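This report describes selected features of a two-chain structure, covering one loop residue, one helix, several backbone details and the interface.

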Amino acid sequence: MLAKRLIPCLDVRDGKVVKGVQFRNHEIIGDIVPLAQRYAQAGADELVFYDITASSDGRVVDKSWVRRIAEVIDIPFCVAGGIKTVADAAKILEMGADKISVNSPALARPELINELNHHFGQQCVVVGIDSFFDVVSGQYQVYQFTGDESRTQKTQWLTRDWVAEVLKRGAGEIVLNCMNQDGVRQGYDIAQLKSIRDICTVPLIASGGAGTMAHFSDVFNQADVDGALAASVFHKGIIEIAALKAKLIADGISIRP
Amino acid sequence: MQLVIVDTGCANISSVYFAFKRLGVDAGISRDAKVIKAADKVLLPGVGTAHNAMAKLQQAELTDTLQSLQQPLLGICLGMQLLTRHSMEGDVACLNLIPAEVLPMQSADLRLPHMGWNTLHSISEHPLMRGFSVTDYVYFVHSFAVAPDLHALALCHYGSDFAAVIGKDNVVGAQFHPERSGNTGARLLQNFLEWQL
């Protein structure tokens, strides 16, 4: 039976792993390669590396760390951040990444998704979506350039519509980051994930809000997501992956031991 | 022992190279027919679409070379699908080393691509599968698959059964990614290295 995936997310800035709260105040967590290796050995099912500075400051980013990770890691990993063209993606995939994830550049130019699908196949193309619940309108809206607070902006897209659009264009997986929940460890946004699950025909990964082991159990049981992504609870040692897996298995969730 | 990875221009070549390096084998990467023919073992990687990958093999004039190999040949993921007679993905003729057909996955109402860690069953006694059990998980990413048939060495279930590993004579293939399947995947690669015809 296909296992639900536990996915530590490593936000990368200048080759270091960092973590902020609701996308702000980034602190350095550690060097990227030993951290990646530690997670793989601890039983992570997959890793995601978000180069959080890439999209927002427009410079050419040194991605040589991708190759260093590929050398030591024997589980799949995905690289996100600053991938604007097929050539950018090709470079990262050649260095050994299994998937590439696009967010802001896909919002700026949605055809990018079609192009990536065409060149590398659907299985390589992950679309990350930063979704924020706007209390005034009562709607979930898609945000762009979330790596840099001063440039973060609301887009024209409602989250549901953008999900439908990226699926139509050939996305192979969606990572839905619920910004209201990010880094505050109050639980995944089950209501939103459930509503997106209904229209999402490809794997859906929950992101933002994990604080306790029960939160993982809840998101798998209640929102039927394919994977759960988390950062701070893993980086800060609040949750050990082995203990989490044991609990999820005890809760009857399909998990790779 | 000289292991050569066929340079298909596909994306997972470095991952496959590094996976063997972790096992202590420094593989060559080549699209030169002479180098490939002279290898003790050959690996055919692949990510992308069958149509593009076959076109690349044809451009490099490697189809005859691969078809005439006598030494052990392992195809991974799309590389495994290329070993068959035909793929429905782009309706393309493949290398025809194993008489099988690549079809869209019949996943019932389950989501595609089939992406993630899954278990194997109906595991054969083939040397490639030594040490594998039904509790092992391996990593899959695909939407097309080979139906279970005579040449299946292990099956996987996702909506319906499909061939996770196939083999005939000197040719074997894995639908999953051994280079990304942790210790279990490394075992398959090690078995391939140790496999004597």
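Helices (H or I, at least four residues) and strands (E, at least two) are DSSP runs, numbered from the N terminus. The model is predicted: local features need pLDDT of at least 70 and side-chain atom pairs count only at pLDDT 80 or more, whereas totals for chains, interfaces and linings use all residues. Residues are numbered from 1 along each chain as its sequence is written, and chains are lettered from A and ligands numbered from 1 in the order in which they are written.

**A loop residue of chain A**

Ala44(A) lies in the loop that connects helix H1 (32-42) with strand S4 (47-51) of chain A. A residue is buried if 20 or more other C-beta atoms lie within 10 Å of its own, exposed if 12 or fewer, and partly exposed in between, with C-beta atoms placed from the backbone. Ala44(A) counts as buried because it has 23 C-beta neighbours inside 10 Å. Two residues are in contact if their C-beta atoms, placed from the backbone, lie within 7 Å. Apart from neighbours within four places in sequence, Ala44(A) is in contact with Leu6(A), Ile7(A), Pro8(A), Tyr39(A), Ile75(A) and Ile241(A). Ala242(A) is 198 residues away from Ala44(A) in sequence, yet their C-alpha atoms are 8.7 Å apart.

**Helix H3 of chain B**

In helix H3 (residues 50-59) of chain B, the buried residues are Ala50(B), Asn52(B), Ala53(B), Met54(B) and Leu57(B). Their cover includes helices H4 (63-67) and H5 (78-81), together with strands S5 (84-87), S6 (92-93) and S7 (98-104) of chain B. After H3(B) comes Glu61(B), with a positive phi near 55°.

**Backbone details of chain B**

Two aspartates, neither of them glycine, have positive phi values, as tabulated here.

| Residue | Phi | Loop | C-beta neighbours inside 10 Å |
|---|---|---|---|
| Asp91(B) | near 50° | between S5 and S6 of chain B | 9 (exposed) |
| Asp169(B) | near 55° | between strand S12 (160-168) and strand S13 (171-174) of chain B | 12 (exposed) |

The peptide bond joining Leu112(B) and Pro113(B) is cis, with omega about 0°. Pro113(B) belongs to the loop between S7 and S8 of chain B.

**The interface**

Between the chains, 26 residues of chain B are in contact with 28 residues of chain A. On the chain B side, helix H1 (13-22), strand S8 (114-119), strand S9 (137-142) and helix H6 (182-194) each give two or more residues. That side has twelve nonpolar, eleven polar and three charged residues, where Ala, Val, Leu, Ile, Met, Phe, Trp, Tyr, Cys and Pro count as nonpolar, Asp, Glu, Lys and Arg as charged, and the others, Gly among them, as polar.
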